[in-house]
Each structure stands twice: as structure tokens, then as C-alpha cells.
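Q: Please take a close look at one part of this structure, the nonpolar core, and describe what surrounds it. I would like one connected account rather than a list.

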Amino acid sequence: MKFFKARVLLWPALLLLVLLGGGAVAAFASGGLNALALKSLFSSSSSERDSQVVQAVTRVQEVALLSLHIEGIDRYESNSEVFGVAIPATEKTTLLQYKFDAKLGVDGSRVKIESTGPKSFRVTMPKFTGIGFDNPHFEDPLESGNPLSWLSEPAAQTRMVNKILSDENKQMYISQNEEALKDQAKVFYRGIIAGVAPEVTLDFEFAG
């Protein structure tokens with residue numbers, strides 16, 4: 001009778017274990033869901049924004065007189081040094097092949113046309129200028145060097161490109177083609193004025 005009584009009292013204990021187990025599972029599931037909820041709540045996001053404001057607008061009257069097609073190879077050499085002395089076998093050479101069209105001309109707003117007689121005018125031209133570059137194309141740089149060339153500073157492609165498209169090079173192109181620019185300027189402005197007054201004569205004066 002005692003054994004049966006003890007056996008009967010085991011059922012509440014089993015029931016309690018089942019309830020506790022179910023509660024643990026529920027708590028685990030609830031905790032997992034809460035963790036997922038928290039994760040979604042604190043998930044990171046990123047965005048990029050470019051804000052630009054036009055500060056001023058300037059009207060320009062650039063007149064392109066010549067377009068030069070330029071092709072070439074820029075060479076950059078470097079080596080590593082210690083106390084100003086070159087380290088042997090560290091020489092590195094970088095070659096950058098390029099091509100573009102250089103536009104040369106004048107600022108049309110600074111061209112002066114003055115009457116010098118009943119049927120004659122003087123056209124005063126400002127200094128020629130480099131207007132810009134069209135269709136620039138740069139190949140991937142090629143590097144070659146000696147066994148220890150990895151010690152030397154690598155060439156910066158951006159610096160090489162800026163050098164190729166520099167104002168100094170624009171001025172060089174102008175100097176090399178100054179006579180052609182003068183001839184084209186005469187043809188250009190004679191054509192404009194002849195369309196209005198074909199009987200007039202023109203005298204050109206160029207800035208030194």
C-alpha cells in the first residue's frame with residue numbers, strides 16, 4: 001500500500017518536469033526570437049551622399065583654333081637610396097603610354113576689333129591659351145626593374161597623368177604651333193567679318 005502510494009505521488013513530479021522542460025524550451029525559443037529581433041533592430045546600414053553647391057557662374061567665350069593629336073610614352077625612373085647614395089640593383093622604370101587631342105585657342109571675350117578707317121579694322125588678339133584636352137586615353141602602366149627594385153618608390157599614375165596634362169605642356173604646345181595659331185586666327189576672324197562687311201580690310205596685332 002505504501003509502495004502504491006509513493007507510485008501515485010510520482011505523477012505530480014513527472015508533470016512538474018514536463019512543465020519545466022516545456023518552459024525551458026519556450027524560454028529558449030523566446031530568447032532566440034528576441035535575439036533575432038534585437039539583431040534586426042541594431043543592424044547597420046550605410047549610405048553615401050554628395051552635396052554640391054554652384055557658387056558662381058562665369059560666361060566664357062573660348063575659341064578653339066587648333067586641335068593637336070598627341071601620342072607618347074611617359075617614363076618614370078626611381079631607385080632606393082641610403083644617406084643620398086643609390087643602392088645598386090634597386091632601379092625601377094615605369095612606362096605610361098597615352099594619347100589625347102589638345103585644343104589651343106584664345107579667349108574670344110578679350111579679342112578687340114577697332115576701326116582704323118572707313119573700310120579698315122584692327123583686330124587685337126590676346127595671348128593664345130590651352131583650352132583643354134579631348135579624348136584622353138591612358139594605357140595601364142608597365143613596370144620593369146632590377147632584383148631589388150621592390151625597395152624603390154612605386155610610380156604614382158595620377159602624378160604622371162597630371163604631368164602629361166599640365167599647364168607647362170599646354171604652353172609648350174602653344175610655342176611649337178604659334179605661327180599656325182596666328183594663321184588660323186586670321187582665317188577665323190576674316191571669315192566672320194567678311195560675312196558682314198566683305199569690302200573691309202583687316203590688320204591683326206598679336207600679344208607678345
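A: In this predicted model, the largest nonpolar core has 29 residues, and the members that touch the most others are Phe100, Val106, Met125 and Tyr173. Several helices and strands each supply at least two residues of this core. The strands among them are S1 (62-78), S4 (92-107), S6 (120-125) and S9 (201-206). The helices among them are H2 (157-164), H3 (167-176) and H4 (178-194). S4 gives the most, with six residues.

Val106 shows what one of these well-connected members touches. Setting aside neighbours within four places in sequence, Val106 is in contact with Gln61, Glu62, Val63 and Leu65, among others. Its contacts also include Val111, Met125, Pro126, Lys127, Phe128, Thr129 and Ile131, as well as Tyr189. Met125, one of these contacts, is itself among the core members that touch the most others.

Next comes the sheet that includes S6 and S9. Three strands form this open sheet, in the order S5-S6-S9, and their pairing is mixed. S5 (112-117) and S9 are the edge strands, each pairing on one side only. From one strand to the next, the twist averages 25°.

S5 and S6 run antiparallel and are joined by five bridges. A hairpin of two residues leads from S5 to S6. Two positions show how these strands line up. Lys112 has Thr124 in S6 as its bridge partner, and Ser115 stands opposite Phe121 in S6.

The sheet also has a helix across it. H4 lies across S5, S6 and S9, and runs at about 145° to S9. As noted above, H4, S6 and S9 each supply at least two residues to the core.

H3 is another contributor to the core, and its two sides can be told apart. Asn169, Lys170, Tyr173 and Ile174 are buried in H3. Viewed down the axis of H3, these buried residues fall within an arc of 145°, so they line one face of the helix. The spacing follows a general rule: an α-helix has 3.6 residues a turn, so residues three or four places apart point the same way. The face of H3 turned away from the buried side carries Glu168 and Gln176, which are exposed. Tyr173, on the buried side, is also one of the core members that touch the most others.

Conventions
Residues numbered from 1 in each chain as written. Predicted model: local features only at pLDDT ≥ 70, side-chain atom pairs only at ≥ 80, totals over all residues. Heavy atoms only, no water. Core = buried A, V, L, I, M, F, W, Y, C linked by side-chain atoms within 4.5 Å. Buried < 20%, exposed > 50% of the residue type's maximum accessible area, 1.4 Å probe, protein only. Helix = DSSP H or I, 4+ residues; strand = E, 2+ residues; numbered from the N terminus. Contact = heavy atoms within 4.5 Å. Pairing = 2+ DSSP bridges. Axes fitted to C-alpha atoms, helices over the stretch in contact; angles between N-to-C directions. Arc of directions from axis to C-beta.
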